[in-house]
Amino acid sequence: MTASGDGFGEFSIWDLFRMEVEGKTASLTEGMLQLEQGVRSPILLEDLMRAAHSLKGAAQMVEARQAVRVSHAMEDCFVSMQKGTTQPTPARMDVLLEGVDLLRRIAASETDAVAMSLAESDTDGFVERLAAADEVSEPQAARTAVPVEDTPAADVPGASRDDDNVRVTAERMNRLLSLASESLVTTRWLDEFIAESSRARQQHRDVADSLERLRDSLTGHAANADLLHRLADAQRHFGELRRVRTNEIASLVEIQRRASGVATRLYREVVDLRMRPFSEGVAHLGRLVRSLSRQLDKDVRLEVVGGATPVDRDIFDRLDASIVNLIRNAIDHGIESPAERVRMRKPPTGTIRLEAVHRGGMLVITAQDDGRGVDIEALRALVVSRRHTTEELAARMSDAELLDFLFLPGFSMRDTVSEISGRGVGLDIVQTAARSAGGKVTLHSRAGHGLQFDFQLPLTLSVVRALVFDVAGEPYAVPIARVARVLKVDKTAIQSIEGRQHVAIDEAHVGLVAAHQILEVPAAPVSEDDVSIIVLGQGAHTYGVTVDRLVGERELVVRSLETILGKVKDIGSAALLPDGTPLLIIDVEDVLHSIEHLITGGRVQPAAMEPGKARAGRTKKILVVDDSFTVRELERKLLAGRGYEVDVAVDGVDGWNAVRTGRYDLVVTDVDMPRMDGIELVTRIRQDPRLHLLPIIIVSYKEREEDRLRGMEAGADRYLAKGSYHDESMVNAIIEQIGAPEDV
């Protein structure tokens with residue numbers, strides 16, 4: 001049943017039950033692993049019993065009878081442990097963890113009727129196995145009961161309470177963040193208004209000085225007495241106006257200061273809501289380590305350092321599969337058996353260490369094991385045998401350069417595969433995940449002492465520290481974490497080698513590619529003697545991208561591109577500058593692929609251009625009308641890049657006002673917009689005697705035939721689905737209507 005009328009908003013009763021199972025089973029798992037590893041605390045056992053009891057109550061509320069039976073059996077087992085009549089043996093923990101899995105499967109069902117059909121036989125088996133484990137162990141447990149120590153609740157992961165927690169969907173959280181960032185940007189717009197008011201105040205002073213000089217020039221002439229009297233009145237009135245204006249500006253400055261402070265605090269609070277402690281995000285990995293260790297007859301423990309470090313939830317989502325993969329590889333291939341470790345004079349128990357720390361404005365996550373590590377010489381020979389490089393070059397490579405080969409797709413030092421790891425889908429996925437999170441990963445190894453992976457990531461994916469630059473008069477940004485170097489060089493330092501421009505950086509020749517060619521925008525005239533270069537990539541895939549101007553480093557609130565647009569070439573996301581100017585954040589991986597595609601096709605143009613000449617003739621002008629700033633910007637940049645002059649309007653009313661007062665050769669409009677939709681806008685244009693011949697193209701996400709007919713009947717010349725410009729359909733349609741960008 002839905003809960004729309006029960007005060008639960010967008011969640012049904014079963015949704016709430018599923019959420020509670022998710023949270024409580026995570027606490028149960030973590031607490032049971034602590035119990036098995038030797039933590040003996042009355043508070044821990046009390047928390048485990050209460051978690052099972054709470055799940056039983058929640059299951060009763062939604063009439064999930066199988067979940068009631070499972071949680072009740074678990075509760076009884078924890079009570080028995082509290083009394084000391086049973087012990088947390090590995091065998092009993094196995095069965096209890098099966099109960100956790102069973103509860104999750106039940107909660108994952110749509111209703112209890114489905115859950116019953118899925119879980120009834122499993123529930124019977126679980127209850128019987130748990131009872132059998134208790135019967136076998138009780139006599140021995142009673143004789144060897146381990147005394148329970150008193151441990152402060154703060155030291156026990158399961159001791160926290162979540163009674164005051166509120167569940168919010170990711171979609172709602174993203175909307176809240178968008179509104180918070182909008183309020184922050186809006187308050188910053190006042191800065192320019194205040195600056196303009198300050199300039200007006202200086203003009204007022206100039207006028208007052210002019211009036212005073214005029215009065216001095218008129219003083220002493222009897223004929224000017226009446227004029228001087230009126231001038232004095234004017235000065236008094238103007239002086240009062242200046243005082244009022246000065247007070248207004250002072251009040252506005254104070255309002256701006258307070259509003260900016262509130263907006264900044266609101267924004268930071270919302271960003272913090274997206275964070276979760278590192279320990280919470282990796283809590284499920286303890287169960288994985290336990291399971292794989294027992295499966296492979298190894299003794300491995302998981303150590304988490306920096307558990308309180310806040311980490312963006314999206315980063316957890318991007319990295320989770322990669323960290324799981326690293327753990328599986330470490331236990332399967334890296335960490336030795338207890339007997340082998342003893343022979344190597346290592347502790348019999350292997351350790352996997354996960355650490356999170358904020359350092360230098362970045363999040364650094366380290367995944368480390370104390371196993372075998374990588375045999376560098378064996379790796380060197382393997383790289384040569386697989387023809388990734390020559391024997392001569394391999395001999396000169398450093399350990400770090402050789403370890404980079406492990407990130408190649410399908411590269412493995414294992415000849416065999418297992419059910420656990422070694423299927424050729426390993427470290428390349430780890431590197432891809434790090435890059436998708438806007439960061440990078442590096443690998444370190446000491447033979448016989450293990451591997452260490454260092455992830456360097458942004459603190460949050462909702463905010464990014466970025467380098468802002470201009471290309472063809474438009475602002476763009478690149479995440480700082482992906483920038484290898486930023487520099488300015490004199491044009492004379494640029495050399496041509498085999499038809500391509502290069503610049504020497506640290507004794508290496510780095511190829512140059514112009515940003516305007518990558519982004520397909522017009523080349524701006526170059527007047528400076530210096531060329532601004534942003535170096536991207538690493539190793540053999542390092543390139544210098546020339547830009548028109550470096551603006552500086554900014555902290556940007558990231559906005560995802562609308563899904564209806566699909567993947568936009570070379571663009572990853574969007575943002576607003578503090579003054580409200582929209583910009584696009586480039587997708588570095590996509591840009592690197594575009595550069596290599598240009599090089600492979602032999603189409604790289606000179607990156608350092610000479611000053612250009614003005615265009616001849618009149619540039620044709622297009623009005624883009626869309627309520628989505630992302631769509632507006634993408635369409636505007638696309639058309640401006642083809643040479644058209646482009647204006648934008650935020651909805652139908654704004655578009656109608658613009659088209660009546662401006663001169664346009666074509667209008668591109670959306671359909672669904674506030675205040676006035678695209679159909680009404682088209683209708684009004686066709687009814688206006690001055691505008692009725694103006695070409696109009698509708699671009700909408702509505703692709704049904706009836707929607708297309710409705711647009712055409714209103715008077716549109718073409719009707720395209722959003723996203724069509726990716727295959728040149730939109731540009732071709734515009735050329736069909738109005739021709740090339742310039743009149744000849």
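## Contacts, sheets and buried elements in a predicted chain

Leaving aside neighbours within four places in sequence, Arg 636 is in contact with Glu 474, Val 646 and Val 648. Contact here means heavy atoms within 4.5 Å. The model is predicted: local features need pLDDT of at least 70, side-chain atom pairs count only at pLDDT 80 or more, and totals for chains, interfaces and linings use all residues. Residues are numbered from 1 along each chain as its sequence is written, and side-chain values use heavy atoms, with hydrogens and water left out.

Arg 636 sits in helix H18, residues 629-641. Helices (H or I, at least four residues) and strands (E, at least two) are DSSP runs, numbered from the N terminus. Arg 636 counts as buried because its relative accessibility is 14%. The cut-offs are under 20% relative accessible area for buried, over 50% for exposed and partly exposed in between, with a 1.4 Å probe and protein chains only. Asp 647 lies eleven residues from Arg 636 in sequence, and the two C-alpha atoms are 7.5 Å apart.

**The chain as a whole**

The chain holds 22 helices and 23 strands. Of its 744 residues, 47% are buried. Its accessible surface is about 38,100 Å², and carbon and sulfur atoms own 52% of that. The areas come from the Shrake-Rupley method with a 1.4 Å probe; for residues, only the protein chains shown count as cover. Take the contacts between residues at least 6 apart in sequence: 70% of them join residues at least 24 apart.

**Around strand E19**

Helix H18 also belongs to a larger motif. E19, H18 and E20 make a right-handed β-α-β unit. Right-handed means that, with the strands pointing away from the viewer, the path from the first strand over the helix to the second runs clockwise. Strand E19 spans residues 621-625, and five of its five residues are buried, so the rest of the structure largely encloses it. Lys 621, Leu 623 and Val 625 point one way from E19, while Ile 622 and Val 624 point the other way. Val 625 has a partner in each of two strands: it stands opposite Ala 649 in E20, and its bridge partner in E21 is Thr 669.

The table lists some strand pairs. Two strands pair if DSSP finds at least two bridges between them.

| Strand pair | Sense | Bridges |
|---|---|---|
| E19 and E20 (645-649) | parallel | five |
| E19 and E21 (666-669) | parallel | four |
| E2 and E4 | parallel | six |
| E8 (463-471) and E16 | antiparallel | eight |

**Two open sheets**

One open sheet has five strands in the order E2-E4-E5-E7-E6, with mixed pairing. Its edge strands are E2 and E6 (440-446), each pairing on one side only. Neighbouring strands in this sheet are turned by 15° against each other on average, direction ignored. Within the E2-E4 pair, Val 300 stands opposite Gly 350 in E4.

Helices lie across this sheet. H10 crosses E2, E4, E5 (362-369) and E7 (450-458), running at about 175° to E7. H15 (residues 427-436) lies across E6 and E7, at about 140° to E6. Axes are lines fitted to C-alpha atoms, for helices over the stretch in contact, and angles run from 0 to 180 degrees between N-to-C directions. In H10, which covers residues 313-334, is Ser 322. Ser 322 is buried, with a relative accessible area of 1%. Not counting residues up to four places away in sequence, Ser 322 touches Ile 429, Val 430 and Ala 433.

A second open sheet runs E16-E8-E9-E18-E17, again five strands with mixed pairing. E16 (549-557) and E17 (571-576) stand at the edges with a single partner strand each, so one side of each lacks a neighbour in the sheet. The twist averages 35° from one strand to the next. Val 468 has Gly 552 as its bridge partner in E16.

**Helices H9 and H1**

Helix H9 (residues 285-295) is largely enclosed by the rest of the structure, because eight of its eleven residues are buried. What do these buried residues pack against? Their neighbours are H1, H4 (90-108), E2 (300-305), H10 and E4 (350-359). The buried set includes Arg 287 and Arg 290. Just after H9, Asp 297 takes a positive phi of about 55°.

Helix H1 covers residues 13-36. Its 24 residues reach 34 Å from first C-alpha to last, close to the 34 Å expected at 1.5 Å a residue. That expected span is 1.5 Å times one less than the number of residues. Among its buried residues are Trp 14, Phe 17 and Lys 24. Gly 38, just after H1, takes a positive phi of about 110°.
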